[in-house]
Protein chains: 2
Amino acid sequence: MPELTREDVASWDEADPLLSFRDEFELPEDVLYLDGNSLGALPKKTAARLQQIVADEWGRDLIRSWNAHDWIRYPRRVGDRIAKILGAVPGQVIAADSTSVNLFKLLGAAVGLGGSRTGILSEEENFPTDLYVAQGFSGFLGTCRLKLVPRTALVTAIDDDVAVVTLTHVDFRTGEMHDMRELTRLCHERGALVIWDLSHSAGAVPLHLDRDDVDFAVGCGYKYLNGGPGAPAFLYVAARHQEAIRPPLSGWMGHEAPFAFDTDYRPAAGIERHLCGTPAILAMAALEVGVEIMARADMEQVRAKSKKMGDLFLRLVDETCDGLGLTPAGPRDSGKRGSQVSLRHAQGYPIMQALIAENVIGDFRAPDILRFGFTPLYLRYVDVWDAAMVLKRILESGAWQRPEFQKRQLVT
Amino acid sequence: MPELTREDVASWDEADPLLSFRDEFELPEDVLYLDGNSLGALPKKTAARLQQIVADEWGRDLIRSWNAHDWIRYPRRVGDRIAKILGAVPGQVIAADSTSVNLFKLLGAAVGLGGSRTGILSEEENFPTDLYVAQGFSGFLGTCRLKLVPRTALVTAIDDDVAVVTLTHVDFRTGEMHDMRELTRLCHERGALVIWDLSHSAGAVPLHLDRDDVDFAVGCGYKYLNGGPGAPAFLYVAARHQEAIRPPLSGWMGHEAPFAFDTDYRPAAGIERHLCGTPAILAMAALEVGVEIMARADMEQVRAKSKKMGDLFLRLVDETCDGLGLTPAGPRDSGKRGSQVSLRHAQGYPIMQALIAENVIGDFRAPDILRFGFTPLYLRYVDVWDAAMVLKRILESGAWQRPEFQKRQLVT
């Protein structure tokens with residue numbers, strides 16, 4: 001392999017069809033931000049949109065904005081924009097609540113559709129909050145068994161009791177990506193429904209929920225969708241399932257006629273029945289800005305750049321950090337990886353703290369993973385290069401051994 | 001009763017100890033806003049705080065803000081501020097999710113504590129979303145009976161099956177207020193726990209949750225707390241119950257160690273276990289501004305002004321709208337009323353539309369209620385006077401009969 005130079009890499013940026021998207025984000029000049037998979041960057045338009053909704057819609061038009069600015073349909077409007085990113089036709093996605101709350105709703109929906117099947121199956125390595133929600137759900141319901149198995153045993157574990165398999169598409173630790181189409185098919189073949197958590201996928205990899213015959217999905221708005229910290233999450237229900245579902249979290253915004261103030265709940269037609277309480281309008285406005293940008297991007301271009309950035313980072317780590325204790329935690333094959341590269345190191349925590357101190361921001365996932373996210377809309381190939389060089393320097397110099405980098409933060 | 005003049009009423013404003021609070025809100029000059037009980041007005045500081053959290057915390061400090069700006073403890077920090085308004089010591093309130101989702105959590109908590117008692121009791125006239133949530137909860141659980149009775153039959157309906165009584169403190173239609181202390185005592189005497197929905201109470205009337213031995217409460221952030229449309233809601237759990245509860249909605253933010261990423265859920269100590277997904281940070285910042293203002297107000301002064309405003313409005317309606325078809329829908333005794341006055345009129349809907357067209361903003365609640373909210377922090381007595389005069393003029397002139405006022409809006 002011929003030696004690569006920073007100039008070579010800079011020329012990739014010049015040829016990058018997504019390059020202009022970078023101008024749509026506020027990025028601190030001195031930071032290499034490899035954590036858009038944890039909290040996406042701030043779109044430039046967000047501040048102005050928030051000022052507008054605060055001053056003009058809340059401040060001036062007050063309660064009238066529910067009609068005048070169509071706040072009432074905001075969850076659906078943003079949902080339809082997200083649907084495009086997920087490969088879904090409109091009417092199957094709403095923006096609402098958190099990923100965890102939405103997962104609870106869909107577990108209820110899926111178990112409700114399961115007939116005599118009442119069990120939930122997931123993998124041991126699933127994102128913890130998804131496991132906690134499934135544990136809370138099954139413990140609460142009492143009659144619903146939760147089975148956790150290793151990834152390799154998933155398909156064989158789908159027995160006649162399993163109503164639903166709940167999985168995260170891209171593993172939060174390793175970045176390994178499930179084959180959504182094939183796994184969905186195998187679940188269906190064995191009589192189970194599937195819920196996909198797309199928190200690390202939406203806006204990161206091309207998705208085809210409709211084509212792939214997916215039943216349900218959830219995902220967050222604050223990673224690759226750049227909706228801001230704690231942005232509303234989303235929820236997808238395939239049209240074919242919608243009318244049969246009675247949501248466990250049945251609130252007025254999911255009622256057929258919320259402002260009739262009837263005593264009895266009657267589910268709204270379609271996807272809206274999965275709304276519950278009053279939607280978070282200000283947060284929805286911020287999310288919409290991020291989603292609007294992402295929906296304009298060509299997801300095949302996003303994927304191609306994402307793979308190339310990941311491959312570049314792995315190559316540079318191989319070439320420059322050899323013998324310094326790093327090993328890839330996820331697939332080398334970019335086709336099997338989401339938009340992140342994870343590296344194991346026994347001293348992963350202080351090394352990540354040292355990187356952050358040098359303004360190379362990734363995150364640490366216990367017990368030993370350094371996680372680097374690649375967000376094609378606002379990262380350049382030279383950023384990947386520069387980050388790898390800082391990593392090399394920190395490892396070679398042992399700078400991570402300084403006592404301040406051992407100190408545990410509340411959030412890692 | 002001597003005739004009252006607008007000048008008399010203006011002199012009350014001059015003597016109002018709360019008058020200076022009005023300067024802390026952005027209020028459109030031409031609007032008489034009697035709907036702060038539906039969506040509170042915009043505090044002047046909110047826009048700047050949102051700009052700061054967007055630009056400096058999200059945009060510049062990015063993921064680091066979870067530690068650097070203590071985002072991770074935001075739900076508890078805002079909760080502790082709300083606790084003061086509720087008459088509760090810190091550590092018993094968090095800001096999170098929506099009122100409906102929080103009610104679901106607390107129904108799960110209460111039924112979990114109920115032992116052999118599994119039933120839920122509420123009143124038929126409770127706020128619909130609370131009924132829908134209880135219906136969804138009991139339908140989902142299967143083993144939990146939901147009983148709805150008229151208000152007058154509540155206490156006698158608490159039999160040995162009732163685990164929890166769920167009530168709204170101030171009736172959303174009529175403004176009638178329950179005696180929280182006495183009703184809580186009666187529920188306890190009969191072996192049931194109580195959940196109070198304080199959406200129409202928090203920031204409107206003095207509350208003493210600790211003194212009154214309340215078990216659980218929920219409420220919204222967007223009415224009298226002025227947190228913005230769809231602001232995070234709050235949830236109160238008395239300290240004595242906290243350690244025994246296993247929340248049905250168990251997510252990572254309610255885990256003992258969210259960033260250990262353990263496979264098994266272990267509830268956080270105390271009130272934090274009722275957190276679920278990632279908190280809505282931007283919305284939380286807006287809520288905090290509103291809560292901070294309210295927490296500075298003397299709730300006894302708020303209550304005194306609120307009663308006086310309601311009494312003034314009722315007196316003016318009596319004196320000027322006699323024979324025009326209006327009848328009070330709630331108590332004339334201000335001690336039994338929340339911070340709203342509701343009037344019935346067979347043509348309530350078009351009359352409210354005509355009022356709104358004249359910039360007197362209240363809202364309509366089916367089938368026939370005109371609802372006027374009185375928010376002592378930013379309303380003046382002269383506003384009450386002026387609103388009553390517009391109401392009189394619309395009724396006398398029949399202006400509400402114009403066809404455009406018949407048209408039903410999505411949100412009423």
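Helices (H or I, at least four residues) and strands (E, at least two) are DSSP runs, numbered from the N terminus. The model on your screen is predicted, so local features need pLDDT of at least 70, side-chain atom pairs count only at pLDDT 80 or more, and totals for chains, interfaces and linings use all residues. Residues are numbered from 1 along each chain as its sequence is written, chains are lettered from A in the order in which they are written, and side-chain values use heavy atoms, with hydrogens and water left out.

**Stop 1: helix α11 of chain A**

Select residues 348–357 of chain A, which form helix α11, and colour the buried ones; 8 of the 10 residues are buried (under 20% relative accessible area, with a 1.4 Å probe and protein chains only), so this helix is largely enclosed by the rest of the structure. Among the buried residues are A:Tyr349, A:Ile351, A:Met352 and A:Leu355. If you now add the elements that cover them, you will meet, among others, β14 (363–365), β15 (369–373) and α12 (381–397) of chain A. Move on to A:Asn359, just after α11(A), where the backbone takes a positive phi of about 65 degrees.

**Stop 2: helix α10 of chain A**

Next select residues 299–320 of chain A, the 22 residues of helix α10, which at 1.5 Å a residue (counting one less than the number of residues) should span 32 Å; the end C-alpha atoms are 31 Å apart, which agrees. At the N-terminal end of α10(A), show A:Asp298, which caps the helix with a side-chain oxygen that lies 2.8 Å from the backbone nitrogen of A:Glu300.

**Stop 3: where chain A meets chain B**

Show both chains together, and select the 85 residues of chain A that are in contact (heavy atoms within 4.5 Å) with 85 residues of chain B. In chain A, the residues that lose the most area to chain B are A:Trp58, A:Tyr132 and A:Phe261, together 12% of what that side buries. The count of salt bridges (a side-chain nitrogen of Lys or Arg within 4 Å of a carboxyl oxygen of Asp or Glu) between the two chains is 0. Among the elements of chain A that give two or more residues to this side are α2 (44–60), α5 (99–113) and α6 (128–141), and the largest share, 10 residues, comes from α6(A).

**Stop 4: B:Ser65**

Finally, select B:Ser65, which is found in helix α3 (residues 65–68) of chain B. B:Ser65 counts as buried because its relative accessibility is 0%. Leaving aside neighbours within four places in sequence, B:Ser65 is in contact with B:Glu57, B:Trp58, B:Asp70 and B:Trp71.

Methods
Buried means under 20% relative accessible area, exposed over 50%, partly exposed in between (1.4 Å probe, protein chains only). A polar contact is a pair of N or O atoms within 3.5 Å; within protein, one must be able to donate a hydrogen and the other to accept it, and residues adjacent in sequence count only if both atoms are side-chain atoms. Buried area is the accessible area (1.4 Å probe) that two parts lose on being put together, summed over both.
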